[in-house]
Each structure stands twice: as C-alpha cells, then as structure tokens.
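Trainee: Could you take me through the salt bridges in this one, close up, and then whatever sits around them? I'd like the charged pairs first and the surroundings after.

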Amino acid sequence: MNQCTAIALLPPPAHVLALTAAPGHHRPEAGHILCELGEHHDGDHATMLWDEGAHPASAVWAHWHTHRARLLPHSWCAALDPRDTDNACGLFAGHPPGHSWDITDPTDEAITHDLARQHPHLFR
C-alpha cells in the first residue's frame, strides 16, 4: 500500500518558544510533518518526532486531524517482518493496519528508481 500523503504544519510548543525568548537565542520555526501511516487509514494522521529510547512509550508521535495536533508517547509496534525477522515495524503499537514494511513512499520509490537508472553502479 502507498503511504498517506497528508501533511501538516506543526508549530513549536509554547513552552519551547518561552525557553528561547531570551535575546540572541534562535527561535524554533514551524515545520511540515508527513503522515507515516498507510493511505486510507482510519483516525488521526501520525508521524514520529523523536525517540528517547531505553524505556516503554519512549517514542513521541504527532497525531493530527484537520487543525488539531497532539504529541503522544507510544511504545513501538512489536511486529517483525515475516520475510526478515531482523526488520521490526517502525510504527507505534496499536497503529492502523499496514506495518511499515507494507507501506511504500511513492516519492522515495520514484527518486530511488531514477537514481538507479542514472547511477546503476551505486545499486549493485
């Protein structure tokens, strides 16, 4: 299945802006986020922002729908790719159907295909 193409502009949280309010500090800017779930999923869109690691629910994901965004901690999905058990799902536990190995980013695929055509020696 293809990856969802939903994007959102995520502003920095107010507490982060407050920490950088002093003169001479770089103020963080809003950034675009892209949904990592499979297309036509139910519920909110989601993307992983960071992983603090070393404890359960260490990954922080942004969930959004229309104009509402939330940051939520999640544990990682425990599923392993049946074709390669060294490859764990890169999505959060309880995500909508389609594990990360089932989801194709069509833009990434197009770029990889074009690069392989132009530079086949890099893809042997």
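**Salt bridges and their surroundings**

Mentor: Let's start with Arg70, which is partly exposed because its relative accessibility is 34%; partly exposed is the range between buried (under 20% relative accessible area) and exposed (over 50%), using a 1.4 Å probe and protein chains only. Before going on, keep in mind that this is a predicted model, where local features need pLDDT of at least 70, side-chain atom pairs count only at pLDDT 80 or more, and totals for chains, interfaces and linings use all residues. Residues are numbered from 1 along each chain as its sequence is written, and side-chain values use heavy atoms, leaving out hydrogens and water.

Arg70 pairs with Asp44 in a salt bridge, with the closest N and O atoms 2.6 Å apart. Asp44 sits in the loop between strand E2 (31–34) and E3, while Arg70 belongs to strand E5 (residues 68–74), so the pair ties together parts 26 residues apart in sequence. Strands here are DSSP runs (E, at least two residues), as are helices (H or I, at least four), numbered from the N terminus. A salt bridge means a side-chain nitrogen of Lys or Arg within 4 Å of a carboxyl oxygen of Asp or Glu, and by that rule there are four. Asp44 is the buried partner, at 16% relative accessibility. The pair isn't on its own, either: Asp44, Arg68 and Arg70 are linked in a salt-bridge network.

Next up is Asp81 with Arg83, whose side chains meet in a salt bridge at 3.1 Å, N to O. Here Asp81 is buried, with just 5% relative accessible area, whereas Arg83 is exposed at 63%.

Over in helix H2, Arg117 and Asp114 form a salt bridge at 2.4 Å, N to O. They are three residues apart in H2, which means about one helical turn separates them. That fits the general picture: an α-helix has 3.6 residues a turn, so residues three or four places apart point the same way. Arg117 is exposed at 55% relative accessible area, and Asp114 is partly exposed at 29%.

Stay with H2 for a moment. Its 13 residues should span 18 Å, and the end C-alpha atoms are indeed 18 Å apart; the expected span is 1.5 Å times one less than the number of residues. Asp105 caps the N-terminal end, placing a side-chain oxygen 3.0 Å from the backbone nitrogen of Thr107. Thr107 itself lies in H2 and is exposed, at 52% relative accessible area. Eleven residues along the chain from Thr107 is Pro96, and their C-alpha atoms are 22 Å apart. Leu122 is found in the segment after H2 (106–118) and is exposed at 59%.

Now hop back to strand E3 (residues 45–51), where you'll find Thr47. Thr47 is buried at 7% relative accessibility. Its side chain reaches the backbone oxygen of Leu34 at 3.1 Å. The Thr47 side chain also makes a polar contact with the side chain of Glu36, at 2.7 Å (N or O atoms within 3.5 Å; within protein, one able to donate a hydrogen and the other to accept it, with sequence-adjacent residues counting only if both atoms are side-chain atoms). Leaving aside residues up to four places away in sequence, Thr47 touches several others, including Ile33, Val60, Trp61 and Trp64, where touching means heavy atoms within 4.5 Å.
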